[in-house]
Amino acid sequence: MDARVEENGSGSVSSRAAAKVGIGVGVSAGLATMFLLLRLLAVARWDWTDAAAIADSFDFSDAIPIVFGTLLAEPETTGLLIAILLPIAVLHLLWPADRSGPRWTPGSVVLVAALVACTVAWSVTFRSWWVLIGAVTVAGALVAIRILWRHGVAHRAALRIIRSAGALVAAGALLLAVLVDTPWMSRERVTLPEGSVEGYVLEVEPGFVKLLTDEREVRIIPVGDVASRELIDE
C-alpha cells in the first residue's frame, strides 16, 4: 500500500514538473513569436502592406540575428534598459524577495551573465560608464528601500520588482522590438543603371534581389541591373 502511494506521489510530482516545463516552453515560444511580429511591424513602420512584403522574405531561422540586431541597433535605448534590468536580475539571484537565500537557478544565472556581458561590451565600445553607474544607482535604491523601509508601499513595490525580474526582461525585449525600426541586416548602397539606392537587402535569389529602401519601399531588382553592392558604415 505504501509503495503504491509512494509511486503515485512520484508520478504526480513528475507530471507537475513536466507540466511546468511545458508551460515554460509555451510561454517562451509565445514571447519569441510576439517579439518577431512586433519587430517586423516596427521595421515596416507599422504599414500593413510593407510588413506583408517584408514577411515574404522573413525566415524564423534568423531569429538569433534579429535579436542581436535589435540589441545593437539603438545603443542608447538598450543601455537604458540594461541599467534598469541588470541590478534587478542580480538582486533576484543573490537576494530574492522571499529572503530564502541566493537562487542559483540556471535561468537566473544565464540572465545575469548575459546582462553583465552586455554591460561590459557597451561600456568598452562607447567609452562611457553611465550604464554601469545607472545600474549601481538602481541597485542602491532597491537595497536601501528593503533595508530602511521594512513595511509599507515602497517595500512591497521593491519586492515586487525584484520578484518580477524575468517578466521585466521579457517586457524590455518587447519594448525594444516596438521602438527599434532599423532592420536587422546591414545597410547597403546598391548601384543601378539609373543611380545608387541605399537600403537593406532582404533576399537574394537567382534572378533578382529584394531591397528594402530607406523609405520602406520594397523593390524587386533584376540581378543584371545590380552593378555593385557596398556596405555603408553608420
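Tyr200 is buried, with a relative accessible area of just 5%. You'll find Tyr200 in strand β2, and Leu212 is one of the residues in contact with Tyr200. Keep in mind that this is a predicted model. From Tyr200 we can work outwards to the rest of the chain.

**Starting from Tyr200**

- Why does Tyr200 count as buried? Its relative accessible area is 5%, and buried means under 20%.
- Tyr200 and Asp214 sit 14 residues apart in sequence, and their C-alpha atoms are 7.8 Å apart in space.
- Leu212 has a whole set of contacts beyond its neighbours within four places in sequence: Val43, Ile54, Pro183, Gly199, Tyr200, Leu202, Glu217 and Val218.

**The chain as a whole**

- How many helices and strands are there in the chain? There are 8 helices and 5 strands.
- Read from the N terminus, the order is α-α-α-α-α-α-α-α-β-β-β-β-β, so if you follow the chain along, you meet the helices before the strands.
- The chain has 234 residues, and 32% of them count as buried.
- Its accessible surface adds up to about 13,900 Å², and carbon and sulfur atoms account for 66% of that.
- Take the contacts between residues at least 6 apart in sequence: 58% of these join residues at least 24 apart.

**The nonpolar cores**

- In soluble globular proteins, nonpolar side chains tend to be buried together.
- Which residues touch the most other members of the largest nonpolar core? In this set of 17 residues, they are Ile54, Phe58, Ile66, Trp184 and Leu212.
- Helix α1 (2-43), helix α2 (48-55) and strand β2 (195-205) each supply at least two residues of this core.
- The largest share comes from α1, with 6 residues.
- Apart from this core lies another one, of 10 residues, with Leu85, Leu86, Ala89 and Val180 among them.

**A closer look at Phe58**

- Phe58 isn't in a helix or a strand: it lies in the loop between α2 and α3 (63-73).
- Is Phe58 buried or exposed? Phe58 counts as buried, because its relative accessibility is 18% and the cut-off for buried is under 20%.
- Not counting residues up to four places away in sequence, Phe58 touches Leu36, Leu40, Ile66 and Trp184.
- Here's a pair to look for in the 3D view: Phe58 and Glu203 are 145 residues apart in sequence, but their C-alpha atoms are 8.9 Å apart in space.

**Two helices side by side: α4 and α5**

- Two packed helices are described by the angle between their axes and the distance between the axes.
- For helix α4 (residues 75-94) and helix α5 (residues 106-126), the angle is about 145 degrees and the axes are 9 Å apart.
- The crossing of α4 past α5 is left-handed.
- On the α4 side, the residues that meet α5 include Ile82, Leu85, Leu86 and Ala89.
- On the α5 side, the residues that meet α4 include Leu111, Leu115, Trp122 and Phe126.
- What kinds of residues make up this contact? They divide into 15 nonpolar, 4 polar and no charged.
- Two of the α4 residues named here, Leu85 and Leu86, also turn up in the core of 10 residues.

**Loops and unusual phi angles**

- Most residues other than glycine have a negative phi, and most peptide bonds are trans.
- Trp46 has a positive phi, near 65 degrees, and it lies in the loop between α1 and α2.
- Trp46 counts as partly exposed, at 48% relative accessibility.
- Asp47 lies in the loop between α1 and α2 too, and Asp47 is partly exposed, with a relative accessible area of 32%.
- Along the chain, Asp47 and Arg216 are 169 residues apart, while 9.2 Å separates their C-alpha atoms.
- Arg127 also has a positive phi, near 50 degrees.
- Arg127 is found in the loop between α5 and α6 (130-148), and it counts as exposed because its relative accessible area is 72%, with the cut-off at over 50%.

**One spot on α6**

- Ala141 has its place in helix α6.
- Ala141 is partly exposed, at a relative accessible area of 40%.
- Ala141 and Pro87 are 54 residues apart in sequence, with a C-alpha to C-alpha distance of 10.0 Å.

Key: Residues are numbered from 1 along each chain as its sequence is written. This is a predicted model: local features need pLDDT of at least 70, side-chain atom pairs count only at pLDDT 80 or more; totals for chains, interfaces and linings use all residues. Side-chain values use heavy atoms; hydrogens and water are left out. Helices (H or I, at least four residues) and strands (E, at least two) are DSSP runs, numbered from the N terminus. Buried means under 20% relative accessible area, exposed over 50%, partly exposed in between (1.4 Å probe, protein chains only). Contact means heavy atoms within 4.5 Å. Accessible areas come from the Shrake-Rupley method with a 1.4 Å probe; for residues, only the protein chains shown count as cover. A nonpolar core is a set of buried Ala, Val, Leu, Ile, Met, Phe, Trp, Tyr and Cys residues joined through side-chain atoms within 4.5 Å. Axes are lines fitted to C-alpha atoms, for helices over the stretch in contact, and angles run from 0 to 180 degrees between N-to-C directions. A crossing is left-handed if the near helix is turned anticlockwise from the far one by less than a right angle, and right-handed if clockwise. Ala, Val, Leu, Ile, Met, Phe, Trp, Tyr, Cys and Pro count as nonpolar, Asp, Glu, Lys and Arg as charged, and the others, Gly among them, as polar.
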